[in-house]
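Here are some exercises to work through with the structure open beside you. Try each task before you read its solution.

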Amino acid sequence: MSTSQPNVEGEVVFTAPTGEPCKTWYKIVGDIQASKWPPLITLHGGPGCGHDYLSPLSDLHEKYQIPIIYYDQVGCGLSTHFRDKAGDTSFWTFDLYIKELDNLIQHLGLHEYHILGQSWGGMLGATYAARRPPGLKKLILASGPASIPLWIEGSKKLLAQLPPDVRKTLEDCHHRGDYESDEYEDAAAEYYGRYNCRLDSDPADLITSIDKLSDDKTAYLTMQGPSEFVITGTYKDWEGWKFGHEIKAQTLLLNGRYDEAVDECVYPWFQTIPKVKWVTLENSSHMSHFEDRERFIELCGSFLTY
């Protein structure tokens with residue numbers, strides 16, 4: 001049964017921890033007030049990818065009548081950009097994004113809600129959940145690492161599986177600090193085609209998010225680094241599993257068999273979060289919600305509605 005509702009879009013202002021005025025753009029699919037289920041707040045990856053590539057999550061509204069809340073985190077998409085903050089480690093912090101999320105929840109008047117964080121969004125979602133916000137009911141960490149050092153170790157193993165000529169190109173480009181040339185991008189595409197999205201062609205909404213990240217990499221370069229497998233930013237030593245025991249919400253872990261978020265960097269969540277279930281999708285990599293869309297939605301929907 002389709003229960004399509006008009007999308008509601010809006011903006012909400014907040015002040016960054018360092019004092020800058022900011023604006024967050026959001027979109028709601030479904031009717032928060034009328035639904036019997038708490039809404040699902042989606043946290044996109046990057047940082048800096050924008051909400052667009054999470055569009056398959058609207059299936060949860062169509063199939064399970066769960067309202068979906070999308071928003072662009074500050075620094076990307078339709079929210080406030082801060083291109084002049086490149087390298088500003090006092091501005092680009094977890095606290096910035098947590099304050100933004102808190103502000104959105106307060107603005108929408110949510111007393112109960114679920115969170116799904118994908119990739120970097122999983123790191124943010126877990127950090128938020130560990131603070132035990134009273135309204136959070138359930139948490140989904142989709143391809144969200146528990147440890148960036150373990151992600152880096154996993155990336156080394158995945159890189160070793162690439163053809164020798166591709167590895168050499170990536171190594172040569174890395175040594176000379178070249179992460180922008182066509183030569184580098186062509187070689188990196190081999191990695192992303194295996195471990196980020198294995199579909200024959202990237203979905204349109206994923207391309208939109210990639211383009212938005214390319215347009216403004218300020219947050220990504222500051223916090224992550226130049227690529228998915230060269231992490232030199234502020235969270236390069238992040239070990240989220242150390243506060244996993246503080247997460248009291250029921251949690252579902254998802255990753256793909258060929259995911260750049262390898263099992264080794266997800267497993268610490270499974271070890272430390274008290275109420276947790278972990279499913280690896282056999283036919284996907286980092287974009288399971290596109291690559292194995294029906295199974296992904298089924299897993300999330302059944303988890304959120306039981």
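Let's fix one term before starting: buried means under 20% relative accessible area, exposed means over 50%, and partly exposed is in between (1.4 Å probe, protein chains only). The model is predicted, so local features need pLDDT of at least 70 and side-chain atom pairs count only at pLDDT 80 or more, while totals for chains, interfaces and linings use all residues. Residues are numbered from 1 along each chain as its sequence is written, and side-chain values use heavy atoms, with hydrogens and water left out.

**Exercise 1. Work out how Lys-85 is placed and what it pairs with.**

Solution. Start with the cover: Lys-85 has 14% relative accessibility, so it counts as buried. Next, look for a partner. A salt bridge here is a side-chain nitrogen of Lys or Arg within 4 Å of a carboxyl oxygen of Asp or Glu. Lys-85 makes one with Asp-88, with 3.9 Å between the closest N and O atoms. Asp-88 comes out at 23%, so this partner is partly exposed. Finally, widen the view: a network of salt bridges links Glu-20, Lys-85 and Asp-88.

**Exercise 2. Find which parts of the chain are tied together by the salt bridges Lys-23 to Glu-11 and Asp-215 to Arg-83.**

Solution. As background, side chains of opposite charge can pair when their charged atoms come close. By the rule above, the count comes to 17 salt bridges. Take Lys-23 and Glu-11, whose side chains meet at 3.5 Å, N to O. Lys-23 is in strand E2 (residues 21–29) and Glu-11 in strand E1 (residues 8–15), so this pair ties together parts 12 residues apart in sequence. Strands (E, at least two residues) and helices (H or I, at least four) are DSSP runs, numbered from the N terminus. Both ends are partly exposed, Lys-23 at 29% and Glu-11 at 46%.

Now take Asp-215 and Arg-83, where the closest N and O atoms are 2.9 Å apart. Asp-215 belongs to helix H7 (residues 204–215), and Arg-83 to the loop between strand E4 (68–72) and helix H2 (94–108), so the pair ties together parts 132 residues apart in sequence. Asp-215 is partly exposed at 47%, and Arg-83 is partly exposed at 46%.

**Exercise 3. Trace the neighbours of strand E5 and decide whether E5 is buried or exposed.**

Solution. First, the cover: 6 of the 6 residues of E5 (residues 113–118) are buried, so the strand is largely enclosed by the rest of the structure. Second, the two faces. In a regular strand the side chains alternate between the two faces of the sheet. In E5, Tyr-113, Ile-115 and Gly-117 point one way, His-114, Leu-116 and Gln-118 point the other way, and all are buried.

Third, the pairing, which calls for at least two DSSP bridges between two strands. Strand E3 (residues 40–43) runs parallel to E5, joined by 4 bridges, and Thr-42 stands opposite Leu-116. E5 is also paired in the parallel sense with strand E6 (residues 136–142), over 5 bridges. There, Leu-116 has Ile-140 as its bridge partner, and Tyr-113 has Leu-136. E6 is mostly covered too, with 6 of its 7 residues buried.

**Exercise 4. Check the cover of helix H3.**

Solution. Run through residues 120–129: 10 of the 10 are buried, so H3 is largely enclosed by the rest of the structure. Among them are Trp-120, Met-123, Leu-124 and Tyr-128.

**Exercise 5. Pick out the backbone oddities at Pro-47, Gln-65 and Arg-132.**

Solution. Begin with omega: it is about 0° for the bond joining Gly-46 and Pro-47, a cis peptide. Pro-47 is in the loop between E3 and helix H1 (59–64). Then scan phi. Gln-65 is not a glycine, yet has a positive phi of about 60°; Gln-65 is in the loop between H1 and E4 and is partly exposed at 28%. Arg-132, also not a glycine, has a positive phi of about 55°. Arg-132 is in the loop between H3 and E6, and its 44% relative accessibility makes it partly exposed.
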